[in-house]
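This report describes a single protein chain for a reader who has not met it before. The sequence and the model are shown first, and the description follows.

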Amino acid sequence: LQFSHLELFDKHLKKLGYKYIYKQRTGIRVDGCAIFYRHNTFDLVEHQSVEFRQPSTDVLNRDNIGLMAKFKPKDMPTSPLVVCTTHLLYNPARTDVRLAQVQLFLAEIDRFSFHTEDGSTDPPQYLPVILTGDFNSLPISPVVRLVTEGKVYSNHFGSGLKNIAVTD
């Protein structure tokens, strides 16, 4: 979402009972990611942005970002959920960058969605996750396969993916 359009969306969606969280991407670009939610239906518990630019990792040298939010439905407060969105690199020739970005994002989603109920003796669990975004990828791409199947063979993408310090 272009930052300059945010006010227009907010103006119209506020009338319908929506609030939002927004993160502009790093660098000089003026777009970012937003999550709009009905504040009379959901309580925003926590949110976090994920910046994909990692100066120490060559393959993660773009300014794309992701956004994660934890919500509790007001009518079912014991059933929280996580909503995530991202906008991955566009360049069709750089599947390696998109793979690294989504790998990093999935690792952050894994950490963010791991939940222990306050005061509960129940073991921690993963909250349900809704993942949205512009992956700039075809349904048969390695990027989408990583999200849907949990694995991808990345040998032909070079050694950059092995250097992003994300484990299984």
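The structure holds 1 cavity of 30 Å³ or more. A cavity here is a set of points on a 1 Å grid over the protein atoms alone where a 1.4 Å probe fits but cannot get out; grid points are joined across faces, edges and corners, and a volume is the space filled by probe spheres set on the points. The largest cavity contains about 40 Å³ of space. Its lining, meaning residues with an atom within 4 Å of a point, consists of Arg25, Asp31, Gly32, Cys33, Asn64, Ile65 and His87. These lining residues divide into 2 nonpolar, 3 polar and 2 charged. In this scheme Ala, Val, Leu, Ile, Met, Phe, Trp, Tyr, Cys and Pro are nonpolar, Asp, Glu, Lys and Arg are charged, and the others, Gly among them, are polar.

The model is predicted: local features need pLDDT of at least 70, side-chain atom pairs count only at pLDDT 80 or more, and totals for chains, interfaces and linings use all residues. Residues are numbered from 1 along each chain as its sequence is written, and side-chain values use heavy atoms, with hydrogens and water left out.

The chain has 3 helices and 8 strands, arranged from the N terminus as α-β-β-β-β-β-α-β-β-β-α. Helices (H or I, at least four residues) and strands (E, at least two) are DSSP runs numbered from the N terminus. A compact globule of 168 residues would have a radius of gyration near 15 Å, and the 17 Å of the chain agrees with this; the radius is taken over C-alpha atoms, and the globule rule is 2.2 Å times the number of residues to the power 0.38. Along the principal axes, the C-alpha atoms fill a box of roughly 50 × 45 × 30 Å.

Of the 168 residues, 36% count as buried. Buried means under 20% relative accessible area, exposed over 50%, and partly exposed in between (1.4 Å probe, protein chains only). Contact means heavy atoms within 4.5 Å; among contacts between residues at least 6 apart in sequence, 57% join residues at least 24 apart.

Four residues may be set side by side.

| Residue | Location | Relative accessibility |
|---|---|---|
| Serine 113 | helix H2 (residues 95-113) | 3%, buried |
| Histidine 115 | strand S6 (residues 114-115) | 13%, buried |
| Asparagine 136 | loop between strand S8 (129-134) and H3 | 22%, partly exposed |
| Proline 142 | helix H3 (residues 142-149) | 18%, buried |

Leaving aside residues up to four places away in sequence, serine 113 touches Val82, Gln125, Tyr126, Leu127 and Val129. With neighbours within four places likewise set aside, histidine 115 is in contact with Pro80, Pro124, Gln125 and Leu127. Histidine 115 and serine 137 are 22 residues apart in sequence, and their C-alpha atoms are 30 Å apart in space.

Most residues other than glycine have a negative phi. Asparagine 136, although not a glycine, has a positive phi of about 45 degrees. Proline 142 and arginine 98 are 44 residues apart along the chain, with 9.2 Å between their C-alpha atoms.

Terms used:
1 Å grid on protein atoms, 1.4 Å probe; cavity = no way out; pocket = protein on both sides within 12 Å on 5 of 7 lines; lining within 4 Å.
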